[in-house]
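Trainee: I'd like a close look at one part of this model. Could you pick a spot, take me through it slowly, and then show me what lies around it?

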Amino acid sequence: MGASITEDAYRKICDEYSRNISEKSDYVSISTPSLWKDLVLADGVKPIIAPIGFDYEDYKEVEKNVTLSFTYTGSFYNRYQSIRPLLKVVKELISEGIIGERDLIFNYAGAYGERFKSEFDDFELTYMLEDWGTVTHRQSFLIQSLSDILITSITNTTGHEGVLSGKTLEYIGVKKPILALVHGDKKDSDIRKSIKNGNCGFT
């Protein structure tokens, strides 16, 4: 068995790699200003803030579903992302008879379907999940456009602040309400500020 690496050692390796790469680069870009304070660069190197964007030409008008539908697309790492708080509320609403078992549907598109499904299994809500698997970019936009609410999950904790995914900006482009589930011990996340300022959903 190989020896495990400590978190401090891993961080030093990452910092040195980042510094070496920046020395050989003409430009260094970051997606949000909050990432700058944790980025180790060569002396005199100042990063360019270049948010990940989207292209409005990729979106088309499509017919709306009758059932209230939620969609989550892209990566899903159980350590950093979870929709358990939402599923807990759904389970309680069903138990109280406020909503029916077939009133909601959850779509997932991406390569992490089993991880995503495991959270539904824990609440016995797997019957609500439609896993589309890995799809093309345009197919992903279509699934998003057919949905009523788009879900994202982001960690905002010490050492992982300032996360604003490109997927969130895609969601904004679809012009559907966004439900952002933010986990962690840090308040006032970048995604919360963006959604609030843009009046495009809830966190």
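Mentor: Start with Glu 124. Its relative accessibility is 59%, so Glu 124 counts as exposed. The cut-off for that word is over 50%. Keep in mind that this is a predicted model. Glu 124 sits in the loop that links helix 3 to strand 5 (129–133). Now look at its backbone. Phi of Glu 124 is near 55°, which is positive, and the residue is not glycine. Why stop at that? Most residues other than glycine have a negative phi.

There is a second case to set beside it. Lys 175 has a phi near 65°, again a positive value outside glycine. Lys 175 belongs to the loop between helix 5 (166–174) and strand 7. Its relative accessibility is 64%, so Lys 175 counts as exposed.

Step back to the whole fold. The protein has six helices and eight strands. From the N terminus the order is α-β-β-β-α-β-α-β-α-β-α-β-α-β. Six of the strands form an open sheet, in the order 5-4-3-6-7-8, with parallel pairing. Strand 5 and strand 8 (201–202) each have a single partner strand, so one side of each has no neighbour in the sheet. In general, strands of a sheet pair through backbone hydrogen bonds.

Now go into the sheet, to strand 6. Which residues make up strand 6, and how many of them are buried? Strand 6 covers residues 149–155, and seven of its seven residues are buried. Follow the side chains. Ile 149, Ile 151, Ser 153 and Thr 155 point one way. Leu 150, Thr 152 and Ile 154 point the other way. Both sets are buried.

Check the partners of strand 6 next. Strand 3 (residues 68–73) runs parallel to strand 6, and two bridges join them. One pairing to find is Thr 71, whose bridge partner in strand 6 is Leu 150. Strand 7 (residues 178–183) is also parallel to strand 6, and six bridges join these two. Here, Ser 153 stands opposite Leu 181 of strand 7. Carry on towards the edge. Strand 7 and strand 8 run parallel too, with two bridges between them. There, Leu 179 has Phe 202 in strand 8 as its bridge partner.

Move along the sheet to strand 4. Strand 4 spans residues 104–109, and Ala 109 is part of it. Ala 109 has a relative accessibility of 4%, so it counts as buried. The cut-off for buried is under 20%. What does Ala 109 touch, leaving out residues up to four places away in sequence? It touches Tyr 72, Thr 73, Gly 74, Trp 132, Gly 133, Val 135 and Ile 143. Take Val 135 as an example. It is 26 residues from Ala 109 along the chain, yet their C-alpha atoms are 6.6 Å apart. Compare that with the whole protein. Among contacts between residues at least 6 apart in sequence, 66% join residues at least 24 apart.

Next, the interior. In soluble globular proteins, nonpolar side chains tend to be buried together. Here the largest nonpolar core has 22 residues, and Ile 83, Val 90 and Phe 106 touch the most other members. Strand 3, helix 2 (84–95), strand 4, helix 3 (113–122), strand 6 and strand 7 each give at least two residues to this core. Helix 2 supplies the largest share, four residues. Another core lies apart from this one, and its six residues include Leu 150, Tyr 171, Val 174 and Ala 180.

Look closely at Ile 83. Beyond neighbours within four places in sequence, Ile 83 contacts Tyr 72, Phe 76, Phe 116, Glu 119, Phe 120, Ile 151 and Leu 181. You have met two of those in strand 6 and strand 7: Ile 151 and Leu 181.

Finish on the outside. Buried residues make up 37% of the 203 residues. The accessible surface comes to about 12,700 Å², and 53% of it belongs to carbon and sulfur atoms. One nonpolar surface patch, of about 330 Å², is made by Ile 5, Tyr 10 and Ile 13. Ile 5 is in the segment before helix 1 (7–23).

Technical notes. Residues numbered from 1 in each chain as written. Predicted model: local features only at pLDDT ≥ 70, side-chain atom pairs only at ≥ 80, totals over all residues. Heavy atoms only, no water. Buried < 20%, exposed > 50% of the residue type's maximum accessible area, 1.4 Å probe, protein only. Contact = heavy atoms within 4.5 Å. Pairing = 2+ DSSP bridges. Core = buried A, V, L, I, M, F, W, Y, C linked by side-chain atoms within 4.5 Å. Patch = residues over 30% accessible without salt bridge, like charges linked within 9 Å, V, L, I, M, F, W, Y side chains within 5 Å. Areas by Shrake-Rupley, 256 points an atom, 1.4 Å probe, with all protein chains shown as cover. Salt bridge = Lys/Arg side-chain N within 4 Å of Asp/Glu carboxyl O.
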